[in-house]
Amino acid sequence: MAVLNVRSGPGTTFPVLGQLIVGASVQVTGRTPEGQERWWQIVYPAGSGQRAWLIGRDGLVRVSNPGLGEDVDALPVAREPLATSSVPAPQLTAMFPIFDADLRVTRFSPDGAQFATASGNHTAFSVKVRRTIDGGLVREFTQYTGIVWDVAFSPDGKWLASVADDRQRQSLRIWQLRDGAPVTASGISGTTPAFYTLSFSPNGRWLAVGGYQPGSGAITDGVIWLFDTDSWQLRQTLSTAGQNSTALTFSADSQWLVTGGVPDGLVRIWQTSDWQMVHSFSAGRLGVRGLALSPDSALLATGFCDESGTYGCL
């Protein structure tokens, strides 16, 4: 089956947004100027208010504009997107072996000079901080008794936090990177939570931790814990009933927190001014394992499991 690439701008150097089958019906809203390669601006996805671009060759698609027929050249010239069409190719800057068993996650420091890894599955649980330029070990934390699920640098690069399965009631660990000194978060009472993910807000005010509360009745009785980074005191909890909260991210302006989990795949958006949920939706897949917002918060990327259980991806 022949397909056409739908792009963000009029040219093959623009990113591909999706594909259309040859012969598909499209609504054309504009075109490139005379003298340039012929591209059509179309409504994409169909029925939305969004625009994309398609190579303008007759016979590839059916134009569905009422009264227009096939005279696409009668349409006005559409303004190209402001983003440049030149996408620099990624360059390999360093490569080195890391002999850690079961490497689970990698996170870069805000300045990119260091990165942290979490490793271990049945044994050898650890978090290591390395130099980006050569992989040299800067600091190592090995006091874990279970899987380290996630690590995060604070926006100022002063702190490193991790969440793990731990039989020592230290599921959440926070260190001062300058000297490796530990910091204790307070405010949690009762059964030690099962933490799975964490993220600092870009303004540095909050550390959000996702997981579920054992003893609450079900693994899918999820919770988001919010710690004030000035005191490392628990200030707020958010209920994510129906899932184990395994993914979360803040918007660049720290005004929104987006959370998701397994097994229901529901995504929730919270307003950080009062921690009220303002929107929720399901992307129609199983478990949400990763979330990322574009710098302007206009786009949300989600990572899903093909198969999931209450603990995470299978």
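These exercises, each with a worked solution, concern a predicted model of one protein chain.

**Exercise 1. The chain as a whole**

Find how many helices and strands the chain has, and what share of its residues is buried.

*Solution.*
- Step 1. Count the elements. The chain has 27 strands and zero helices.
- Step 2. Turn to burial. Of the 314 residues in the chain, 44% are buried.
- Step 3. Look at contacts between residues at least 6 apart in sequence. Of these, 39% join residues at least 24 apart.

**Exercise 2. An open sheet**

Work out the order of the four strands in the open sheet that includes β16, and name its edge strands.

*Solution.*
- Step 1. Write the order. It runs β16-β17-β18-β19, with antiparallel pairing.
- Step 2. Find the edges. β16 (194-200) and β19 (233-241) each pair on one side only, which makes them the edge strands.
- Step 3. Add the twist. From one strand to the next, it averages 20 degrees.
- Step 4. Zoom in on one pair. Strand β17 covers residues 206-212, and strand β18 covers residues 221-228. Seven bridges link these two antiparallel strands.
- Step 5. Pick one bridge. Ala208 is partnered by Leu226 of β18.

**Exercise 3. The largest pocket**

Describe the largest pocket by its volume, its lining and the classes of its residues.

*Solution.*
- Step 1. Start with volume. The largest pocket has about 690 Å³.
- Step 2. Go to the lining. It has 32 residues. Nearest the centre lie Arg107, Leu198, Ser199, Leu248 and Thr249.
- Step 3. Trace the elements. β8 (103-108), β12 (148-153), β16, β20 (244-250) and β24 (288-293) each give two or more residues to the lining. One of these, β16, is also an edge strand of the open sheet.
- Step 4. Sort by class. The lining has 19 nonpolar residues, nine polar ones and four charged ones.

**Exercise 4. Two cis peptide bonds**

Locate the cis bonds that join Tyr44 to Pro45 and Val262 to Pro263, and give omega for each.

*Solution.*
- Step 1. Take Tyr44 and Pro45. Omega of their cis peptide bond is about -5 degrees.
- Step 2. Place Pro45. This residue sits in the loop between β5 (39-43) and β6 (51-55).
- Step 3. Take Val262 and Pro263. Here omega is about 5 degrees.
- Step 4. Place Pro263. Its loop runs between β21 (256-262) and β22 (266-271).

**Exercise 5. Three loop residues**

Decide for Thr93, Trp275 and Ser297 whether each is buried, partly exposed or exposed.

*Solution.*
- Step 1. Thr93 belongs to the loop between β7 (62-63) and β8. Its relative accessible area is 77%. Exposed means over 50%, so Thr93 is exposed.
- Step 2. Check a distance from Thr93. Ile133 is 40 residues away in sequence. In space, the two C-alpha atoms are 7.9 Å apart.
- Step 3. Trp275 lies in the loop between β22 and β23 (276-282). Its relative accessible area is 7%. Buried means under 20%, so Trp275 is buried.
- Step 4. Look at the backbone of Trp275. Its phi is positive, near 60 degrees, and the residue is not glycine.
- Step 5. Ser297 is in the loop between β24 and β25 (300-304). Its relative accessibility is 28%. That value falls between the cut-offs of 20% and 50%, so Ser297 counts as partly exposed.
- Step 6. Check phi of Ser297. The value is positive, about 65 degrees, although Ser297 is not a glycine.

Terms used:
Residues numbered from 1 in each chain as written. Predicted model: local features only at pLDDT ≥ 70, side-chain atom pairs only at ≥ 80, totals over all residues. Heavy atoms only, no water. Pairing = 2+ DSSP bridges. Axes fitted to C-alpha atoms, helices over the stretch in contact; angles between N-to-C directions. 1 Å grid on protein atoms, 1.4 Å probe; cavity = no way out; pocket = protein on both sides within 12 Å on 5 of 7 lines; lining within 4 Å. Points joined across faces, edges and corners; volume = space filled by probe spheres on them. Nonpolar A, V, L, I, M, F, W, Y, C, P; charged D, E, K, R; others polar. Buried < 20%, exposed > 50% of the residue type's maximum accessible area, 1.4 Å probe, protein only. Contact = heavy atoms within 4.5 Å.
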